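Here's a quick briefing to read alongside the coordinates. Pull up the viewer and follow along.

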Amino acid sequence: MSALSPLNRAFNQIPKRAEKQESPQLHETFVDSGVVDVTNTVDHQVIYGRRGTGKTHALSYLGSEVAANGDLALYIDLRTIGSANGLFDPQSAPITERAARLLVDLLGQLHESLLNAVLEDDSLMEDGRFVEKADQLIAAITSVRVLGEVEQTAEAENKTGVRSGRSLEARLTPQDVRVSGKISSDASSEDRGLHRETRKGTEQISLNFSDVAKALRELGGTLSSRRVWILLDEWSSVPRDLQPYLAQFLTRCVLPVHKFTVKIAAIEQQSNFRTQVDGVTIGIELGADMGAHVNLDDFLVFEGNEERARSFFQGLFVKHLHSIAADTSNSALAQIPGSLVSAGFTDKRAFDELVRAAEGVPRDALYIAAKAAMKAGQGKISVPLVRDATRGWYHGDKMTGLTSLVEARRLLEWIITEVIRGKRARAFLVNSADSRDDLLLALFDARVLHILRRGYSAQDHPGERFDIWGIDYGAYVDLVQTQSAPAGVLPIFDEEGVEAYADIDVPMQDHRAIRRAILDLQLFYGVEGEQGPDLGQQTEAPAEAEPVG
């Protein structure tokens, strides 16, 4: 007998990364959280999301949908372009040369994707104009020039020669008298000229944006009513100093072309779309050059969206299990997804615990479920198993990513002390101006802090807006069922000044209420600047005090 039940084995067989699946599987296992409605438009867009939120899956699904409608979907993983030397070694070449190499690689992949589209589409195969314009694109990106000194040498040579000779010969015999003579003259002249040119320098890519834009425009002109969708994944894998140059190319050559739509998947905290170079702004202006961005982190927050999050994650597991059942021809497994919760979990509460632990990140849900299923063996997944798996995932994956970020870890420990142990809450308010703090964003990017709501306003704080942040479930799972367990979402005071807790949807208009919920980052940096926060001695501020951590 196997150590795992068929369902628990299937939980571990679910691919955790979208790029590990074939295109048909990506389409079959996609669960729409509402993102399709806002991305399936001809507008250029940036799709933000932290690791594991489903950016690649969403792009792949979008590509399959537009292809089904007759358009061309060109998916490009930016991790596969450029060389490690040219991308990550600033000393290897000037930044403009590194950027040019990157663009040539990108356009090369774009051309290759176009050729694949031709091979898969008979109408394009027969369209000689499309093939011709695709070849012109290659011509526009393969020009090379040599930069450096030019040395010229001219040599001339003339040779002239004259040669002459005379001879007289006489022979006398009794029988005969013979006399012979010979006169010879030889003249020669030779002129030789030589021109030599030596170039000393290095070859550099010569990329003319006008030529590339023209080639793309003429290529689009051959497509009649069809559209080319360029889907750029893993934007944040490009070094930050090169990203604005790549963005400038898109702004100059691709975005203005009528038949092209560009979608970019990126991690917001690791993206740099615009910068200044020698006093000139280059790159993409979000909201102007490209439409409003989409943030996948806003779609699946459990707090306040319990039913929506529950429905999404159940659909996610059901579709993946259907796919595995089809691949393995497992008829028994094929019957399970219809009653996933009752078949795989001890009760509804255990599945809800999994959804809460995922904190809106699909990949985290898949990993936690796999770990819990491994521990369940032949049994069902229970609440304690979900908590144990969440603890392992938090310490083994999320905290590992913060190993080199010492100050970010200190801030996280300080927040846990202040919010969870000090106020027995699991969420807090941050002024929107402070939400761009580098350390705070590093913790958000590592998925140990989450944004539950954006743009909250309070009556007694006119002109100020706050974001509601939550601490990852894995950070306080050890405190559950202890005296230090969080007692609510946000710490407040009720109208009579009694300590209470509020859900994130409860309006807090009382000054005393909102003051207690605000996390004051200046306190952390102030203490940090002197001797570092005393994590063991933090005490709760009285109700009358100014906002503190």
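In which hand does helix 11 pass helix 15, left-handed or right-handed? The crossing is right-handed. Keep in mind that this is a predicted model. The notes below go through the helix packing, then the two sheets, and then a salt bridge.

**Helix 11 against helix 15**

- Helix 11 covers residues 306-328 and helix 15 covers residues 362-376; their axes come within 11 Å and cross at roughly 60°.
- Angles from 65 to 115 degrees would count as roughly perpendicular and those under 35 as roughly parallel, so helix 11 and helix 15 end up oblique to each other.
- On the helix 11 side, the contact is made by Phe312, Phe313, Leu316 and Phe317, and helix 15 answers with Pro362, Ala365, Leu366 and Ala369.
- Sorted by class, that contact between helix 11 and helix 15 has 8 nonpolar residues, with no polar and no charged ones.

**Helix 1 against helix 15**

- Helix 15 also packs with helix 1 (residues 6-13), at an angle of about 150° and with the axes 8 Å apart.
- That angle makes helix 1 roughly antiparallel to helix 15.
- Here the crossing is left-handed.
- Asn8, Phe11 and Asn12 are the helix 1 residues in this contact, and they meet Ala369, Ala370, Ala373, Met374 and Ala376 of helix 15.
- The split for helix 1 with helix 15 is 6 nonpolar, 2 polar and no charged residues.
- Ala369 is worth clicking on: it's in the contact with helix 11 and also in the one with helix 1.

**Helix 11 against helix 14**

- Helix 11 packs with helix 14 (residues 348-358) too, with axes 10 Å apart and an angle of about 95°.
- The two helices, 11 and 14, are therefore roughly perpendicular.
- From helix 11 you get Ala309, Arg310, Phe313, Gln314 and Phe317, meeting Lys348, Phe351, Asp352, Leu354, Val355 and Ala358 of helix 14.
- The class count for helix 11 with helix 14 is 7 nonpolar, 1 polar and 3 charged residues.
- Phe313 and Phe317 of helix 11 turn up in the contact with helix 15 as well as in the one with helix 14.

**The antiparallel sheet and its helices**

- An open sheet of 3 strands runs in the order 10-12-11, with antiparallel pairing.
- Strand 10 (427-431) and strand 11 (449-457) are the edge strands, each with a single partner, so each has one side without a neighbour in the sheet.
- Ignoring direction, neighbouring strands here are turned by 30° against each other on average.
- Strand 11 pairs with strand 12 (residues 465-471) over 6 bridges, in the antiparallel sense.
- To find the register, look for Ser457, which stands opposite Arg465 in strand 12.
- Helix 17 (residues 406-423) lies across strand 10, strand 11 and strand 12, at about 95° to strand 12.
- Helix 18 (residues 438-445) lies across strand 10, strand 11 and strand 12 as well, running at about 125° to strand 11.

**The parallel sheet**

- The other open sheet described here has 5 strands in the order 2-5-6-1-9, and its pairing is parallel.
- Strand 2 (72-77) and strand 9 (294-295) sit at the edges with a single partner strand each, so one side of each lacks a neighbour in the sheet.
- Strand 1 and strand 9 run parallel and are joined by 2 bridges.
- Ile47 stands opposite Val294 in strand 9.

**Salt bridges**

- The count for the model comes to 20 salt bridges.
- One of them to look up is Arg51 with Asp445, whose side chains meet at 3.8 Å, N to O.
- That pair links distant parts of the chain: Arg51 is in the loop between strand 1 (45-48) and helix 4 (55-68), while Asp445 is in helix 18, 394 residues apart.

Definitions and conventions. Residues are numbered from 1 along each chain as its sequence is written. This is a predicted model: local features need pLDDT of at least 70, side-chain atom pairs count only at pLDDT 80 or more; totals for chains, interfaces and linings use all residues. Side-chain values use heavy atoms; hydrogens and water are left out. Axes are lines fitted to C-alpha atoms, for helices over the stretch in contact, and angles run from 0 to 180 degrees between N-to-C directions. Helices (H or I, at least four residues) and strands (E, at least two) are DSSP runs, numbered from the N terminus. Angles under 35 degrees count as roughly parallel, over 145 as roughly antiparallel, 65 to 115 as roughly perpendicular and the rest as oblique. A crossing is left-handed if the near helix is turned anticlockwise from the far one by less than a right angle, and right-handed if clockwise. Contact means heavy atoms within 4.5 Å. Ala, Val, Leu, Ile, Met, Phe, Trp, Tyr, Cys and Pro count as nonpolar, Asp, Glu, Lys and Arg as charged, and the others, Gly among them, as polar. Two strands pair if DSSP finds at least two bridges between them. A salt bridge is a side-chain nitrogen of Lys or Arg within 4 Å of a carboxyl oxygen of Asp or Glu.
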